[in-house]
Amino acid sequence: MTGYGKAVKDYQDQTITVELRGVNSKSLDLNPRMPSYLFEKELDIRQLLASRLERGKIDLGITIAKCLSAEGGLNFPLINAEAFKFYYNQLVALQNELGIPASADLVGAVMRMPAVTKAETAQETVLDEGLAAAVMATLNEAVDAFVAFRTQEGAALQAKFNEQLDAIEALKAEVEPFEKGRVEHIREHLLKNLDKLAEETKKAIDSNRLEQEMIYYLEKLDITEEKVRLTNHIRYFRETMALEGSGVGKKLGFIAQEMGREINTLGSKSNQSEMQIIVVKMKDLLEQIKEQVLNVL
């Protein structure tokens, strides 16, 4: 749920700039920075963001600067001459006092000081209905850009999920050759040990009972059901990704948990090192999916 959106709009002799930055969060955590005369609109701003962004840790910055209209319709921020002189004289005095060589970038440093290009103050601006409407319109444009950013990120994330799911399915297919061979290996190993035991004890082994026990033992190690369920979970994960609306991320998280249960069972039933290596690779891919699912709304 990372995102970025910015919008700039002129209103009369002022320029409104709205900037949104967001990272993942389980709920909407808004950190607004705006002029004090906009505080009365904070509830409306919060409601708008909650309805459109749903959740995320959002840093909101709103600035309103008074501008001069230049030829060609371009607007430029006012320079606060008093603030510029104050900072410049202080810096020059400090340079002389400390013996610091004169800096060619002194003017640039002064221009970055607070209030040098923000002559408009909260007390000098009156929040009328027109300005409030312009601020909300600019905010909506910034949210549009933010949502577009999220959508683009979501498309890339969906493609990554599909790659990881494909990799898990490919690893699942690699298990099958080992599965067939290990059944015969287990059967031969059991018969060899039982023959040795019969020879040592001089007692015949009940072949019917042996067959029953062997069938029970092999069924306990059979992974057919786990593979089928894992395949179904992967298909459902892909189908859920195609859904729209809120709550998709939670569903994907639950499906990933179910996939994890099947993969863990595969691991517990694997008694060959080759199969266990494959299961570890599947777990690694699934952990990557679980981490990224947190970024899905």
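# Reading a predicted chain, feature by feature

Modeller: Ile-100 has a relative accessibility of 44%, so this residue counts as partly exposed. Buried means under 20% relative accessible area and exposed means over 50%, with partly exposed in between, using a 1.4 Å probe and protein chains only. The model is predicted: local features need pLDDT of at least 70 and side-chain atom pairs count only at pLDDT 80 or more, while totals for chains, interfaces and linings use all residues. Residues are numbered from 1 along each chain as its sequence is written, and side-chain values use heavy atoms, with hydrogens and water left out.

Colleague: How many helices and strands does the chain have?

Modeller: Helices (H or I, at least four residues) and strands (E, at least two) are DSSP runs numbered from the N terminus. Here there are eight helices and five strands. Along the sequence their order is β-β-β-α-β-β-α-α-α-α-α-α-α. Of the 297 residues in the chain, 33% are buried.

Colleague: Where is Ile-100 found, and which residues form a nonpolar patch with Ile-100 on the surface?

Modeller: A patch is made of residues with over 30% relative accessible area and no salt bridge; like charges are joined within 9 Å, and nonpolar side chains (Val, Leu, Ile, Met, Phe, Trp, Tyr) within 5 Å. Ile-100 sits in the loop between α2 (81-98) and α3 (106-111). Its patch partners are Leu-94 and Leu-98, and the three together have about 290 Å² of accessible area. Such areas come from the Shrake-Rupley method with a 1.4 Å probe; for residues, only the protein chains shown count as cover.

Colleague: How do strands β1 and β2 run, and how many bridges join them?

Modeller: Two strands pair if DSSP finds at least two bridges between them. Strand β1 (residues 3-11) and strand β2 (residues 14-23) run antiparallel and are joined by nine bridges. To follow one of them, start at Lys-6, whose bridge partner in β2 is Glu-19. As a general idea, side chains in a regular strand alternate between the two faces of the sheet.

Colleague: Which residue in the hairpin of β1 and β2 takes a positive phi?

Modeller: Gln-12 does, near 55 degrees, in a hairpin with two residues between the strands. Gln-12 is not a glycine. With a relative accessible area of 62%, Gln-12 is exposed. Glu-54 also has a positive phi, near 70 degrees, and is a residue other than glycine. Glu-54 comes just after α1, in the loop between α1 and β4 (56-69). Its relative accessible area is 37%, so Glu-54 is partly exposed.

Colleague: What should the twelve residues of helix α1 span?

Modeller: The expected span of a helix is 1.5 Å times one less than its number of residues. For α1 (residues 42-53) that gives 16 Å, and the end C-alpha atoms are 16 Å apart, which agrees. The buried residues of α1 are Ile-45, Leu-48, Leu-49 and Leu-53. Seen down the helix axis, they fall within an arc of 95 degrees, so they line one face of α1. That arc is taken over the directions from the helix axis to the C-beta atoms. Leu-43 and Ser-51, on the other side of α1, are exposed.

Colleague: How many salt bridges does a search of the whole structure find?

Modeller: A salt bridge is a side-chain nitrogen of Lys or Arg within 4 Å of a carboxyl oxygen of Asp or Glu. The search finds 16. One of them joins Glu-141 to Lys-9, with the closest N and O atoms 3.0 Å apart. Glu-141 lies in helix α4 (residues 129-201) and Lys-9 in strand β1, so the pair ties together parts 132 residues apart in sequence. Glu-141 is partly exposed at 35%, and Lys-9 is partly exposed at 25%.

Colleague: Which residue forms a salt bridge with Arg-229?

Modeller: Glu-262 does, and the closest N and O atoms are 3.0 Å apart. This pair links distant parts of the chain, with Glu-262 in helix α7 (residues 248-269) and Arg-229 in helix α6 (residues 224-241), 33 residues apart. Glu-262 counts as buried, at 8% relative accessibility, whereas Arg-229 is partly exposed at 32%. Both belong to a network of salt bridges that also links Glu-225, Glu-226 and Lys-269.

Colleague: Where do Lys-290 and Glu-287 lie?

Modeller: Both are in helix α8 (residues 273-293), three residues apart, which is about one turn of the helix. They form a salt bridge with the closest N and O atoms 3.9 Å apart.
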